[in-house]
Amino acid sequence: MIPEGLTLYHRAVRDVRGDHLLPLSTLRERYPDVYAREAAKYVGREALMQERVGRLDCRWTDVLFFSPVNPGPLLDAARQSGRVIPPIRYWTLDAAQLDPARACIYLARPWPGGVKPAPDPADELPFTPQTLREHSAAPAATLARLRALPDGAPLILWLDVPHVLYRGEVPLGALGEVRC
């Protein structure tokens with residue numbers, strides 16, 4: 001059981017349809033136009049969409065992505081690099097709202113030379129209060145990377161930040177909002 005008060009973050013989605021936040025595979029069936037827009041993020045990385053999440057026995061597109069890391073310090077670090085970044089809307093979710101049997105913590109690793117490392121089952125941790133707490137702070141290397149972003153480099157906040165993967169849907173009514 002996850003206690004209340006552990007917050008997860010998800011960038012607020014524009015053009016929300018229905019009353020639930022949906023994984024990409026469900027969007028493909030229910031809202032093909034929204035799916036096309038969101039799937040465009042994977043252009044050049046299409047194989048990632050078929051990658052398995054072993055702990056949840058599903059594909060990458062069958063899960064929702066949250067982070068136990070507050071995006072505020074990440075954005076502040078990127079702003080320290082000289083980037084002008086207006087406030088960004090994020091949804092918040094109390095982690096206690098998720099079924100622990102349908103969730104895991106995924107340790108996103110750096111991509112040396114822009115190449116994603118091979119999947120490693122050891123990077124999929126159980127969704128417990130302890131693992132959430134252990135992975136809720138922005139990694140120091142991530143903050144350093146963001147503070148040193150060169151001009152023109154893409155702003156990829158979440159590249160090497162822990163994620164919470166959730167196999168299921170989340171009611172929009174369970175989400176709060178914060179601007180960072």
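## A walk through a predicted model

Let's start with Thr61, which sits in the loop between β4 (58-59) and β5. Strands here are DSSP runs of E with at least two residues, helices are runs of H or I with at least four, and both are numbered from the N terminus. Before going on, two notes on the ground rules. This is a predicted model, so local features need pLDDT of at least 70 and side-chain atom pairs count only at pLDDT 80 or more, while totals for chains, interfaces and linings use all residues. Residues are numbered from 1 along each chain as its sequence is written, and side-chain values use heavy atoms, with hydrogens and water left out.

Is Thr61 buried or exposed? Thr61 counts as buried because its relative accessibility is 3%. Buried means under 20% relative accessible area, exposed means over 50%, and partly exposed is in between (1.4 Å probe, protein chains only). Leaving aside neighbours within four places in sequence, Thr61 is in contact with Pro23, Leu24, Ser25 and Met49. Contact means heavy atoms within 4.5 Å.

**Loops and a helix start**

Two aspartates have a positive phi although neither is a glycine: Asp15 and Asp57. Here they are with Glu46, which is found in helix α3 (residues 46-50).

| Residue | Place | Relative accessibility |
|---|---|---|
| Asp15 | loop between β1 and β2 (20-21) | 38%, partly exposed |
| Glu46 | helix α3 (residues 46-50) | 44%, partly exposed |
| Asp57 | loop between β3 (52-53) and β4 | 52%, exposed |

The phi of Asp15 is about 55°, and that of Asp57 is about 50°. As for Glu46, its side chain reaches the backbone nitrogen of Gly44 at 3.1 Å. That is a polar contact, meaning a pair of N or O atoms within 3.5 Å; within protein, one must be able to donate a hydrogen and the other to accept it, and residues adjacent in sequence count only if both atoms are side-chain atoms. Glu46 and Leu159 are 113 residues apart in sequence, with 16 Å between their C-alpha atoms.

**The nonpolar cores**

How many residues are in the largest nonpolar core? There are 21, and those with the most contacts inside it include Leu8, Phe66, Leu98 and Val170. A nonpolar core is a set of buried Ala, Val, Leu, Ile, Met, Phe, Trp, Tyr and Cys residues joined through side-chain atoms within 4.5 Å. Strands β5 (64-66), β6 (89-94), β7 (103-106) and β9 (163-166) each supply at least two residues of this core. A second, separate core has 18 residues, among them Met49, Val53, Cys58 and Leu165.

**Strands side by side**

Now for the sheets. One open sheet has 3 strands in the order β1-β6-β11, with antiparallel pairing. Two strands pair if DSSP finds at least two bridges between them. The edge strands are β1 (7-11) and β11 (176-179), each pairing on one side only. Between β6 and β11 there are 4 bridges, and Trp91 stands opposite Glu177 in β11.

Strand β7 has partners too. It runs antiparallel to β9, with 4 bridges joining the two, and Ala103 has Tyr166 in β9 as its bridge partner. On β8 (residues 124-126), also antiparallel to β7, the count is 3 bridges, and Ile105 stands opposite Leu125. Which way do the side chains of β7 point? Ala103 and Ile105 point one way while Cys104 and Tyr106 point the other way, and all are buried.

**Two helices that cover each other**

In helix α6 (residues 140-147), Thr142, Leu143 and Leu146 are buried. Why do they share a side of α6? Because they cover an arc of only 100° around the axis, they lie on the same side of α6; the arc is that of the directions from the helix axis to the C-beta atoms. On the other side of α6, Ala140 and Ala141 are exposed.

What covers the buried residues of α6 includes α4 (71-80). In turn, the cover over the buried residues of α4 includes β1, β6 and α6. Those buried residues of α4 are Pro71, Gly72, Leu74, Leu75, Ala77 and Ala78. At the N-terminal end, Asn70 caps α4, with a side-chain oxygen 2.7 Å from the backbone nitrogen of Gly72. After α4 comes Gly82, whose phi is positive, near 105°.
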